[in-house]
Structures are given as structure tokens and as C-alpha cells.
Amino acid sequence: MLLLLWTITPCHAQIPAIEKSAPVDVTFTSWNRLLQLKNGNTHYFSAGMRGMEVNVYDATRKIVAKQVIKSKYLKHRKMKRVFVAGLYEIGGQPVLFYWQAEKSKPVMYRMRFDAGNGSLVQEERIGDMPEIKLMRRDGSDIYVEKDPATDNYAIIFFNGNTTKITQRVRVIHYNGSHNVINAAYCTLPEDHDHQRYIGAVVDGDKRVFLASFAFNRDAKESSPVYISRLGVGDAAFFTKRLALGQEMGRTASVMHYDRQTNAIRLLSAKLSSAKYPFGTPTFYYRAFLCYIDAEHLGLKSEKPILNKKVNAYAMTTLGAEQGFAGVPQQMIMNADMSITLLSEEITQTIVRTRSTYNEYSVLGTMVISELDAEGNETDGYMIRKKQECDGLVESMYMADRTRGKWYMKQGGDEHSSFAYIRTEKGKYIIFNDNRKNFDREEDDAKRKMARGLHQFEAACYKIDEGGVKRSYLFGDPEKTDARHVVMITSAHQHPTTGVYATLLREYTDKGEAVRVAWLRFP
């Protein structure tokens with residue numbers, strides 16, 4: 001078995017070709033995001049107390065425009081009440097979707113920017129939902145789902161707790177020119193007290209698919225899962241109950257549409273059990289992958305994610321005594337229709353006293369699982385890490401991050417988590433590790449916690465048939481006389497060129513400089 005032959009080798013050479021911008025002025029308490037466009041430009045967005053700023057870099061990585069955006073609607077001084085629903089390139093332009101609380105009513109806006117100079121082209125109010133309690137918004141949100149193959153997208157107003165069941169879910173389907181293709185309410189064929197969002201996918205300018213589950217307050221009945229479809233010209237959604245072998249309950253999911261087989265792939269992490277040792281809850285999740293026929297909305301197959309290859313690798317190569325116990329964070333559809341699953345172990349902690357309240361998360365061991373087009377596990381490997389960040393990090397947060405979703409957490413996780421980069425010749429993992437871990441073997445489970453900027457150094461793992469090679473992402477700090485930390489949440493990988501752009505914090509004896517860095521992996 002190939003897994004048994006893999007080795008992990010320290011390699012201090014710099015792997016990617018790196019380009020850096022001149023230093024930029026960054027407020028890390030605000031929203032920071034990069035977007036690489038098809039025309040070669042890179043837009044750096046920042047929104048916070050200073051308002052919204054846009055820097056534009058051309059293909060030579062030189063800044064060609066700087067804009068201070070005068071928004072009519074964005075409450076930039078109250079970013080805690082702003083929720084970014086997505087940032088995409090649509091029609092050749094950067095398009096930002098956000099909603100914010102206005103007298104406790106969520107209102108959705110769309111901002112379009114010029115691809116050349118970053119100026120604001122148009123800002124529109126799209127719609128709103130009834131008043132909700134923001135601190136307890138479970139079941140109510142506004143989602144933006146874009147078709148990755150085209151510029152078509154859908155905006156979903158989801159109000160799962162309202163008693164007006166015919167007005168719980170409103171879907172608007174748009175084309176790449178932001179014109180409405182179709183719009184309708186999605187009403188389930190059976191009455192339930194509550195409804196929850198699972199996911200949605202857009203099939204170009206033809207159809208929108210929505211998955212949800214419903215339940216009643218008494219919880220005595222099952223929680224059925226529904227798949228709904230709205231086609232162009234349809235007056236209403238067509239909805240069917242999905243014959244799953246298990247209920248949903250508390251879940252996090254990601255969906256993809258496969259045009260080659262006309263099937264929907266749904267990955268879910270479902271809460272399976274909870275234990276309360278010494279009053280501290282411990283939650284266990286069960287992950288499964290469903291294939292749904294897009295024509296008849298029937299379940300084609302349902303497979304549990306067992307991580308057998310991953311666990312074999314962990315025990316034989318890393319010497320682990322037990323298997324992986326994390327949750328999925330992202331499902332990636334590859335060009336050959338195979339699947340890459342990214343998973344991570346997460347520990348959430350809440351500390352309450354009479355005068356204080358604190359939340360933090362530990363992001364632990366990561367796992368990369370390779371599945372074939374039918375969902376069968378073909379390969380798997382594990383990389384140990386241990387990062388601490390403020391706030392509670394949830395399952396599938398990496399899928400949300402890919403879509404550009406963001407909201408201000410208690411402290412933030414800008415420098416935690418990891419990124420997966422795949423090219424034609426290799427697979428790469430990058431993350432900020434504790435510098436003391438670079439001298440440790442990968443089978444050493446006693447890794448040092450990475451919990452602050454003063455401890456971080458950007459690491460890179462290359463994974464191929466020859467094994468796993470660990471290196472410094474920007475070179476050995478002792479040789480470069482600099483220390484480097486990447487801001488994972490700001491990054492964007494170009495869908496065509498594969499270039500990975502991120503904000504880089506660079507520390508030298510002259511102080512700190514923040515730059516945009518473009519990484520091209522072989």
C-alpha cells in the first residue's frame with residue numbers, strides 16, 4: 001500500500017516563486033480580502049473604522065490605483081453588525097455582497113467595482129428579512145451561491161423560524177449581468193415549526209437547487225431533509241423529501257453540482273452525539289457524502305466518510321495510537337471529477353466568570369482525503385498542527401472562507417487554520433506554525449501550541465508520491481533575517497493560473513511591514 005512507503009522529510013528550500021508588493025497600511029481588526037481577476041489585476045479590499053479602501057495591483061504587481069469608497073449604506077464604524085456574504089468576480093468586475101442589521105432587520109446590499117481602478121460602479125439595496133435577534137440568528141441568514149463555471153448566482157433569504165411558512169425562504173436567481181432570471185418562495189410540502197439551511201447550488205442560467213431540513217419544537221418526530229429545484233420559467237419550486245438513512249439535526253454542509261453526471265454532491269457533518277464530562281460538552285460528528293439525481297431529485301447513494309486511508313497513514317507513518325477525530329471543512333471538485341476533502345480537529349472552549357466571558361478555539365491536526373468520482377477513498381494523509389485563536393471556529397468554515405464569507409469574531413482567526421493549494425505537479429499545505437516545531441519530527445505528537453504572532457512562522461508541506469516534504473514557506477528565518485506570517489483569511493487562489501495571493505506580515509530588525517504576496521507553486 002502506497003501509504004506505508006511515504007516519508008516526511010524536512011526541506012529548508014523555498015518552494016514557490018514569490019512576488020511581493022510594497023508595504024501596505026492594514027488594520028487587522030477590519031475585513032481584509034484579496035481578489036485576483038481574469039484581467040491580471042489583484043484587488044485588495046479593506047473595510048473598517050476608516051471606511052472602505054481598495055488597492056489595485058496590475059499583473060506586474062505594481063499598484064495602479066487606490067480608492068477610498070464613499071458607501072451610501074455600509075456602516076463601517078459598526079463592523080460587528082456587518083456580515084459579508086460573498087466576494088466574487090462577476091461580469092469581469094469584483095462584486096461584494098453584504099448584509100447588515102438595520103434596527104435588527106437584516107438588509108442585503110450588492111457593491112460592484114471597476115476592474116481597472118477599483119472605483120465603485122454601483123451600490124444597490126437588494127432586499128431584507130423580518131427582524132431577528134443577531135446574537136441568536138440560528139436559522140436566519142442571507143446566502144449568496146455562485147456557479148463556479150459561469151457568472152450566474154442566487155441570493156437566498158432564509159428565515160427558518162418565522163411562523164409564516166410560505167415566506168420562510170425566498171430565492172432570487174441572477175445572470176452575470178445582475179438581471180433577475182427567476183424568483184420564488186420555496187415552501188415545503190409539509191408543515192414544521194422550524195426550517196434550516198443545508199446548502200444550495202446554481203446550474204448556470206437554468207436552475208437553482210436548495211437543500212434544507214425541518215423539525216418541530218417537541219422534537220418527537222424525525223427531521224426530514226428536502227431538496228428543491230427552481231428552473232427558468234418555473235412559477236414555483238419543485239420539492240421532494242430526500243430518503244436519507246439518517247436525520248440531519250445540527251449539521252454543516254457544502255454542495256457541488258456535477259454537470260457531467262447531472263448530479264448534486266452533498267457533504268455533511270452531522271452532530272451524532274454529545275458527552276458532558278465534568279460539565280464540559282464534547283461533540284462528536286459523523287460525516288457522509290450524498291449523490292442526488294438532479295433531474296428526479298432522488299437519492300442515488302449515501303456514503304459515510306470513514307477515513308480508513310487517513311487512519312492507516314496516521315498509525316503507520318506518524319505512529320499515532322488512534323485515528324482522526326476531526327470534522328470536514330471543505331469539499332473540492334477536481335478537474336477529473338475526483339474529490340478532495342479537507343478536515344481538521346477543533347476544540348472549542350468557553351470560559352465564564354462573574355465578570356468575564358471568553359471564547360477560543362484550538363485548531364489541531366489536519367487531514368486531506370482523496371476520493372474518486374464515486375466517493376470511494378483512494379488516498380489520505382495527515383499533518384499535525386496545533387493553533388489557538390480567539391472565537392469559536394465552526395465546521396465548514398473553510399468552505400465559507402472560499403466563498404468570501406466573513407463576520408467579525410471576538411478576536412479573529414486571521415492567522416490560524418491552513419490553506420490547500422493544488423497544481424498540475426503537486427499538492428501543498430501552508431499554515432503558520434510555532435517556530436519550535438520546525439525542528440520536531442512529524443511523528444512527535446507533543447507539538448508546541450502556536451498562539452501568537454511572536455511564535456508564528458509560515459510553513460509549507462509538499463505532498464507527492466515521493467513523500468511529504470516540509471519547508472519554510474519564505475525561507476529559513478536565520479538565513480533571510482526575517483520572519484514571515486501569512487494572513488490565511490485574506491487569501492485568494494486564482495482559478496486559472498493557480499497563483500495564491502495573501503497578505504504577508506514580514507518582521508525584520510527594522511520592524512514590521514505588511515505586503516501583498518503572490519505565490520506560484522510548481
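Buried means under 20% relative accessible area, and this cut-off underlies the descriptions of burial in the close-up views of this predicted model.

**View 1. Two cysteines in a predicted model without disulfides.** With a relative accessible area of 0%, C290 falls under the 20% limit and is therefore buried. C389, at a relative accessibility of 5%, also counts as buried because this value lies under 20%. The count of disulfides in the model comes to zero.

**View 2. Strand 4 and its two antiparallel partners.** Strand 4, made up of residues 42-48, is mostly covered, as seven of its seven residues are buried. From this strand T42, Y44, S46 and G48 point one way, whereas H43, F45 and A47 point the other way, and all of them are buried. Such a pattern fits the general expectation that in a regular strand the side chains alternate between the two faces of the sheet. On one side of the pairing, strand 3 (residues 31-36) runs antiparallel to strand 4 and is joined to it over six bridges, with N32 standing opposite S46 of strand 4. Five residues lie between strand 3 and strand 4 in the hairpin that these strands form, and in its turn G40 has a positive phi of about 100 degrees. Strand 5 (residues 51-57) also pairs with strand 4 in the antiparallel sense, here over seven bridges, and G48 stands opposite G51 of strand 5. The hairpin that joins strand 4 to strand 5 passes through two residues.

**View 3. An open sheet of four strands.** The strands of this open sheet follow the order 15-16-17-18 and their pairing is antiparallel. Strand 15 (194-203) and strand 18 (238-242) stand at the edges and have a single partner strand each, so that one side of each is left without a neighbour in the sheet. Averaged over this sheet and with direction ignored, neighbouring strands are turned by 20 degrees against each other. Between strand 15 and strand 16 (residues 207-215), which run antiparallel, there are nine bridges, and Q195 stands opposite A214 in strand 16.

**View 4. The surroundings of T239 in strand 18.** T239 lies in strand 18, and it counts as buried because its relative accessibility of 16% is under the 20% limit. The side chains of T239 and S228 are joined by a polar contact of 2.8 Å. When residues up to four places away in sequence are not counted, T239 touches C186, T187, L188, P189, Y226, I227 and S228.

**View 5. The largest nonpolar core and a second, separate one.** In soluble globular proteins, nonpolar side chains tend to be buried together. The largest nonpolar core in the model holds 28 residues, of which M382 and I429 touch the most other members. Two or more residues of this core come from each of helix 1 (308-316), strand 25 (357-371), strand 26 (377-383), helix 2 (397-402), strand 30 (427-434), strand 31 (456-464) and strand 32 (467-472). Strand 25 gives the most to this core, with four residues. Residues up to four places away in sequence again left aside, M382 touches V310, Y313, A314, L318, F324, T365, M366 and V367. A second core, separate from this one, has 23 residues, among them W31, M79, V84 and L87.

Definitions and conventions. Residues are numbered from 1 along each chain as its sequence is written. This is a predicted model: local features need pLDDT of at least 70, side-chain atom pairs count only at pLDDT 80 or more; totals for chains, interfaces and linings use all residues. Side-chain values use heavy atoms; hydrogens and water are left out. Two strands pair if DSSP finds at least two bridges between them. Axes are lines fitted to C-alpha atoms, for helices over the stretch in contact, and angles run from 0 to 180 degrees between N-to-C directions. A disulfide is a pair of cysteine sulfur atoms within 2.5 Å. Buried means under 20% relative accessible area, exposed over 50%, partly exposed in between (1.4 Å probe, protein chains only). A nonpolar core is a set of buried Ala, Val, Leu, Ile, Met, Phe, Trp, Tyr and Cys residues joined through side-chain atoms within 4.5 Å. Contact means heavy atoms within 4.5 Å. A polar contact is a pair of N or O atoms within 3.5 Å; within protein, one must be able to donate a hydrogen and the other to accept it, and residues adjacent in sequence count only if both atoms are side-chain atoms.
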